[in-house]
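Me: I am new to reading protein structures and would love a close look at a single part. Could you walk me through one helix and what surrounds it?

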Amino acid sequence: MDKAHHRFHELFAQLGLPNDPVSIHAFLSRHAPLAPEIRLADAPFWSPAQAEMLCEQRCDDADWAELVDQLDASLRYSG
């Protein structure tokens, strides 16, 4: 299956978040590190629609799944 190629900033746009580099950095800085026991979609800073989108994309191994994994990894890093 040929998946669409998306960029990290496009995921932020899909989530309804500002997606310029400064805003992405600020978001990651504000919310990282995410505790290891919290699933990405269960993080308290998502709206219900955002959490559903993240869960569906990862669970379905959909077009955005790789970037959802990248977002998850970025939120686990505290540096």
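Reply:
**A close look at helix α2**

In this predicted model, helix α2 spans residues 21–31, and its buried residues are Ile24, Phe27, Leu28 and His31. These four lie on the same side of α2, because they cover an arc of only 95 degrees around the axis. There is a general pattern to keep in mind here: an α-helix has 3.6 residues a turn, so residues three or four places apart point the same way.

Now turn to the other side of α2, where Val22, His25 and Arg30 are exposed.

What lies over the buried residues? The cover includes α1 (8–14) and α4 (65–76).

Let's follow α4 a little further. The axes of α2 and α4 come within 8 Å and cross at roughly 55 degrees. That angle makes α2 oblique to α4. Where the two helices meet, α2 brings Phe27, Leu28 and His31, while α4 brings Leu71, Ser74 and Leu75. Sorted by type, the residues of this contact are 4 nonpolar and 2 polar, with no charged ones.

Finally, take a moment for histidine 31, which belongs to helix α2. Histidine 31 has a relative accessible area of 18%, and buried means under 20%, so histidine 31 counts as buried. Setting aside neighbours within four places in sequence, histidine 31 is in contact with Phe45 and Leu75. You have already met Leu75 as one of the α4 residues that face α2 in the contact.

Notes
Residues are numbered from 1 along each chain as its sequence is written. This is a predicted model: local features need pLDDT of at least 70, side-chain atom pairs count only at pLDDT 80 or more; totals for chains, interfaces and linings use all residues. Side-chain values use heavy atoms; hydrogens and water are left out. Buried means under 20% relative accessible area, exposed over 50%, partly exposed in between (1.4 Å probe, protein chains only). The arc is that of the directions from the helix axis to the C-beta atoms. Contact means heavy atoms within 4.5 Å. Axes are lines fitted to C-alpha atoms, for helices over the stretch in contact, and angles run from 0 to 180 degrees between N-to-C directions. Angles under 35 degrees count as roughly parallel, over 145 as roughly antiparallel, 65 to 115 as roughly perpendicular and the rest as oblique. Ala, Val, Leu, Ile, Met, Phe, Trp, Tyr, Cys and Pro count as nonpolar, Asp, Glu, Lys and Arg as charged, and the others, Gly among them, as polar.
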